[in-house]
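Me: Please take a close look at a single part of this model, its pockets, and tell me what lines them.

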Amino acid sequence: MPTRSEAVQLLVDGQFHTDWSSYDVDSDLLTPADAWHVTLGPRGRLPASVVPGAPVELRVGGERVMVGRIDEVDCDVSKDGRVYAVSGRDGAAVLVDCDANVGSFEQIGLQDIVTKLVRPLGIQQVRIDADNARLREKVSVEPGDSAWRALANVAEANGLWPWFDPDGTLVVGGPDYTKPPVAHLVLRTSGEGNNVLRLAERRSIHDRFSHLTVLGQARGTRTEAGRNGLKFTAEDTSVGAYRPHVVVDHEADSVAVCRDRARKLLMDGRLKGYTVTATVPGHRINAPGEASDGALWMPGQRVHVRSEPHGIDRIMFVMGRRFAGGRGQARQTTLTLKEDG
């Protein structure tokens, strides 16, 4: 069976551009805007359509992995010739860079508030992946609030998080831990059956808390008086020490919202506290018999990691992946793995 292509292509103004001197394509569920960077030179040339702000579609092996716009175009001229560098981000870039419309929204559901935040900035495709999304009494957007920060606050109040799918759809949801593992990553001391180039494990207590309390309040309405003293404390017994933290959230207008936000923030700290980074050859899952044989690596997948030097034998969640390579360079993928569940 022939190997599927892993070439990185940029589609700009109906034309494909490829054969880069180097490229870097980064995607992470916890990073607000996925990014890419390519270089071309010294004999290459860029067409006039490749300019900052131009819509772009990035593909790997013919498969779309990102939709967004070009951020920067650099041209470096020396005695050796010209070197061009082009970089951009996905659809989240405009939400990160620009402010949301200032205003207050009352008695509004998650789908409606997300749409009102992002539609003015050109985001048309929105999907809510949540079984239950509560009605908010009131949501306020203050001057200077970026659209992404406002969106993240609304998502976190429901225990969710926003990201962009490869086709440009904004998704507000959570990870799916029921998917079967797509691959086995093996690192044995003997070297037998190894399929990773490098594997690193990092443990940290930074940003981890044993008790995280969210304090909220509810503004008064025409029919009800305002309420203060709303609170919920989530606990993480695995921290092993007493490390309390308090977060004041003026948009947490019920104990249920305080609860979901506290649990979400506590788990965010737990995610930051443990990371496994694995570097593998190529950009596809090419091991015969794996659940996603031949598919591109992407965030949201699950893998079984077996590392004898680290004492790891568990299923882990792919939080991020980075494609890198170029002319004369080996294609590699760096996976950021987090605790499953």
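Reply: What follows describes the two largest pockets in turn. The model is a predicted one, in which local features need pLDDT of at least 70 and side-chain atom pairs count only at pLDDT 80 or more, while totals for chains, interfaces and linings use all residues. Residues are numbered from 1 along each chain as its sequence is written, and side-chain values use heavy atoms, with hydrogens and water left out.

The largest pocket has a volume of about 740 Å³. Its lining comprises 27 residues, and those closest to the centre are Gly 159, Gly 174, Pro 175, Tyr 177 and Lys 264. A pocket here is an open set of points on a 1 Å grid over the protein atoms alone, where a 1.4 Å probe fits, with protein on both sides within 12 Å along at least five of seven lines, and lining residues have an atom within 4 Å of a point; the volume is the space filled by probe spheres set on the points, which are joined across faces, edges and corners. Helix 4 gives the most to this lining, with seven residues, and strand 11 (161-164) and strand 20 (312-326) each supply at least two. Helices (H or I, at least four residues) and strands (E, at least two) are DSSP runs numbered from the N terminus.

The second largest pocket has a volume of about 530 Å³. Of its 34 lining residues, Trp 163, Asp 165, Pro 166, Met 298 and Pro 299 are the closest to the centre. Strand 3 (22-28), strand 6 (63-78), strand 11 and strand 20 each give two or more residues to this lining, and strand 6 gives the most, with five.
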